[in-house]
Amino acid sequence: MTQTQQQSITTTAPKQTKTQSPTPTQTQVQVPAQVQTSNSSGISFQVIETAAGNATSQTNVPKVHCSGLVCIAGYAKYLDPALVGTNGTAPRFLISRDGGATFAHFDAANAATAAYFSQSPNIIGDGKGNMFIIISANANKSAPVDAIVLKFSSSNNYAAPIYKTAITDPTAGYTKYSAAFDTARNQIYFMNYANSVDGTSHNNFFVIDAGTGVQKKAVALTKTHGSDYGHGLQYANLAFYGTSVFAAWPSYVCPNGPSGSCTYESIQGIRSDDG
């Protein structure tokens, strides 16, 4: 980023959703009548599938995106209750082809991400029939490594990913991340809290070419101050105003290291006018 400006921004920590229920085994999700509800505005709601714990936690990201009548929804589901965080949850996806009236399991996305543990995914789109799924990726359910980007498109009726590529940075797969699509430049921004993990500085802002999936840029927006994790980046937010890109995050400090008490110290913001 060549032009930056400090901002004072108020943000809200993401909510966590915790429900418990057996996993449906059928591809087409059948919703019992008793869990269908509506509100005073006449909008109907259906329980499609429930996931125990951490279904949407940690990631301040868009989890549903629609292009025309096609909508993709994503969440995280515990595979092993004995494990926690990204070591125990896997991404899961649903797809609707009738504007959200009904949903089915999105088998193409579920198969493409079956090898990974992840927090809840990012789902964004370009407004032209292309939608992108981004997950943190503990490849083969091992240590955190890259993040994975999948492109789905109306050109093949969302039948299979157009590409599956990695954000190639050894800390890109850490949790607490967010993504946004830049329609003016046809590129994806991905931001995480990697440099808040071990007291050293890592890349935590990435730019991906949406057409090819090629990583164009990786930079460290913040730097920590060693053992106290000073100014560590937490819940990332990305937004646009015109062609300007805004990133914001709360910073924190841990005087006694990561196992001690940590304090949020400020809200930081930065602006780029050139992407």
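This report covers confidence, a strand sheet, a disulfide, salt bridges and aromatic pairs in a predicted model.

## Model confidence

The protein chain has a mean pLDDT of 74. Of its residues, 61% reach 70 or more.

Residues 1–38 call for care. Their pLDDT stays under 50 throughout. The model still has 79 contacts for this stretch, counted beyond four places in sequence. Where pLDDT is low, the predicted coordinates should not be read in detail.

## The sheet of strands 3 to 6

Four strands form an open sheet. Their order is 3-4-5-6, and the pairing is antiparallel. Strand 3 and strand 6 (104–105) stand at the edges. Each has a single partner strand, so one side of each lacks a neighbour in the sheet.

Strand 4 and strand 5 (residues 89–96) run antiparallel and are joined by 8 bridges. One residue pairing can be named here: Y78 has T89 in strand 5 as its bridge partner. Strands of a sheet pair through backbone hydrogen bonds, either parallel or antiparallel.

## The loop at L69

L69 sits in the loop between strand 3 (64–67) and strand 4 (70–78). Is L69 buried or exposed? L69 counts as exposed, because its relative accessibility is 55% and the cut-off for exposed is over 50%.

Which residues does L69 contact, leaving aside neighbours within four places in sequence? They are S96, R97, D98, G99 and G100. R97 is 28 residues from L69 in sequence. In space, the C-alpha atoms of L69 and R97 are 5.5 Å apart.

## S96 in strand 5

S96 belongs to strand 5. S96 is buried, with a relative accessible area of 0%. L69, which S96 touches, is exposed at 55%.

Residues up to four places away in sequence aside, S96 touches L69, V70, C71, A101, T102 and F103. Among them is C71, a cysteine of the disulfide with C66. The other cysteine, C66, lies 30 residues from S96 in sequence. The C-alpha atoms of S96 and C66 are 8.8 Å apart.

## The disulfide

How many disulfides does a search of the whole structure find? The search finds 1. The bond joins C66 to C71, with an S to S distance of 2.0 Å. The link of C66 and C71 is right-handed, with 105 degrees about the S-S bond. A disulfide is a covalent bond between the sulfur atoms of two cysteines.

The two cysteines fall into separate accessibility classes. C66 is partly exposed, at 40% relative accessibility. C71 is buried, with a relative accessible area of 3%.

## Salt bridges

The salt bridge count comes to 2. One is formed by D182 and R185, whose closest N and O atoms are 2.6 Å apart. D182 is buried, with a relative accessible area of 2%. Its partner R185 is partly exposed, at 24%.

D273 and R271 form a salt bridge as well. Here the closest N and O atoms are 3.3 Å apart. D273 counts as partly exposed, at 25% relative accessibility. R271 is also partly exposed, with a relative accessible area of 24%.

## Aromatic pairs

The structure holds 6 aromatic pairs. One of them is tilted: Y177 and F190 lie 5.6 Å centre to centre, with 35 degrees between the planes. This pair links distant parts of the chain. Y177 is in strand 13 (residues 177–182) and F190 is in strand 14 (residues 187–192), 13 residues apart. Both Y177 and F190 are buried.

Is the pair of Y189 and F205 stacked or tilted? The planes stand at 25 degrees, so this pair is stacked. The ring centres of Y189 and F205 are 5.7 Å apart. This pair also links distant parts of the chain. Y189 is in strand 14 and F205 is in strand 15 (residues 205–209), 16 residues apart. Y189 and F205 are both buried.

Ring pairs also build a cluster. Its members are Y177, F190 and F206.

Technical notes: Residues are numbered from 1 along each chain as its sequence is written. This is a predicted model: local features need pLDDT of at least 70, side-chain atom pairs count only at pLDDT 80 or more; totals for chains, interfaces and linings use all residues. Side-chain values use heavy atoms; hydrogens and water are left out. pLDDT is the predictor's confidence in each residue, from 0 to 100. Contact means heavy atoms within 4.5 Å. A salt bridge is a side-chain nitrogen of Lys or Arg within 4 Å of a carboxyl oxygen of Asp or Glu. Buried means under 20% relative accessible area, exposed over 50%, partly exposed in between (1.4 Å probe, protein chains only). Rings of Phe, Tyr and Trp (its six-membered ring) pair if their centres lie within 6.5 Å; planes under 30 degrees apart count as stacked, over 60 as edge-to-face and the rest as tilted. Helices (H or I, at least four residues) and strands (E, at least two) are DSSP runs, numbered from the N terminus. A disulfide is a pair of cysteine sulfur atoms within 2.5 Å. Two strands pair if DSSP finds at least two bridges between them.
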